[in-house]
Amino acid sequence: LIKSAAWNDDQDRLIVEVDNVVGYLFSAQYTMLSTHVRKQLLGDDLSLWLHAFIMAHKAPRSRFFYNVETLMLRCRSRIAEPRKFKYKVTQKMERLMELDPKIRGFHSWLWEKNTLHVLKKQRSATITN
């Protein structure tokens, strides 16, 4: 993605040359990753991964779900016990919920047993008789 990087003394900043074959995907917001969000989560690898994973699932559906074991495999977790990993994901999802809702990328989340559900939009009220 990055072809070169060099410090420009005249402008007192880092100049980065992005590969034009792949770089356009990021400039067109193909990834749906907010640089503002990424900066807020800097240094928190699991939160960064969860946010990217959630944003990569932009689809017509307003929710998606994954079980804890699948999440462990996908993020290549070093935590061996699903119970401990689930606790860690819970902490990170709570951190993501602290982000501004306009840039967070999803409305809410919940665990149903060992399955993480992420809701992209607020559920509409259903009328029952």
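Which residues does His 117 touch, not counting residues up to four places away in sequence? In this predicted model, the residues that His 117 touches on that count are Arg 63, Phe 64, Phe 65, Ser 108, Trp 109, Leu 110 and Glu 112. His 117 lies in strand β5, which belongs to an open sheet of three strands ordered β3-β5-β4, and the points below set out first that sheet and then the histidine itself.

**The sheet**

- The three strands of the open sheet, taken in the order β3-β5-β4, pair in antiparallel fashion.
- Because β3 (63-67) and β4 (108-112) each have a single partner strand, they stand at the edges of the sheet, and one side of each is left without a neighbour there.
- From one strand to the next, the twist averages 20°.

**The β4 and β5 pair, and the helix packed on the sheet**

- Strand β5, which covers residues 115-119, runs antiparallel to β4 and is joined to it by five bridges.
- Within this pairing, Trp 111 has Leu 116 of β5 as its bridge partner.
- Helix α5, made up of residues 82-97, packs on the sheet and touches both β4 and β5, while its direction makes about 165° with that of β4.

**His 117**

- His 117 has a relative accessibility of 7%, and since residues under 20% are classed as buried, this histidine of strand β5 counts as buried.
- The side chain of His 117 is joined to that of Glu 112 by a polar contact of 3.2 Å, and Glu 112 is also one of the residues listed among the contacts of His 117.

Methods:
Residues are numbered from 1 along each chain as its sequence is written. This is a predicted model: local features need pLDDT of at least 70, side-chain atom pairs count only at pLDDT 80 or more; totals for chains, interfaces and linings use all residues. Side-chain values use heavy atoms; hydrogens and water are left out. Two strands pair if DSSP finds at least two bridges between them. Helices (H or I, at least four residues) and strands (E, at least two) are DSSP runs, numbered from the N terminus. Axes are lines fitted to C-alpha atoms, for helices over the stretch in contact, and angles run from 0 to 180 degrees between N-to-C directions. Contact means heavy atoms within 4.5 Å. Buried means under 20% relative accessible area, exposed over 50%, partly exposed in between (1.4 Å probe, protein chains only). A polar contact is a pair of N or O atoms within 3.5 Å; within protein, one must be able to donate a hydrogen and the other to accept it, and residues adjacent in sequence count only if both atoms are side-chain atoms.
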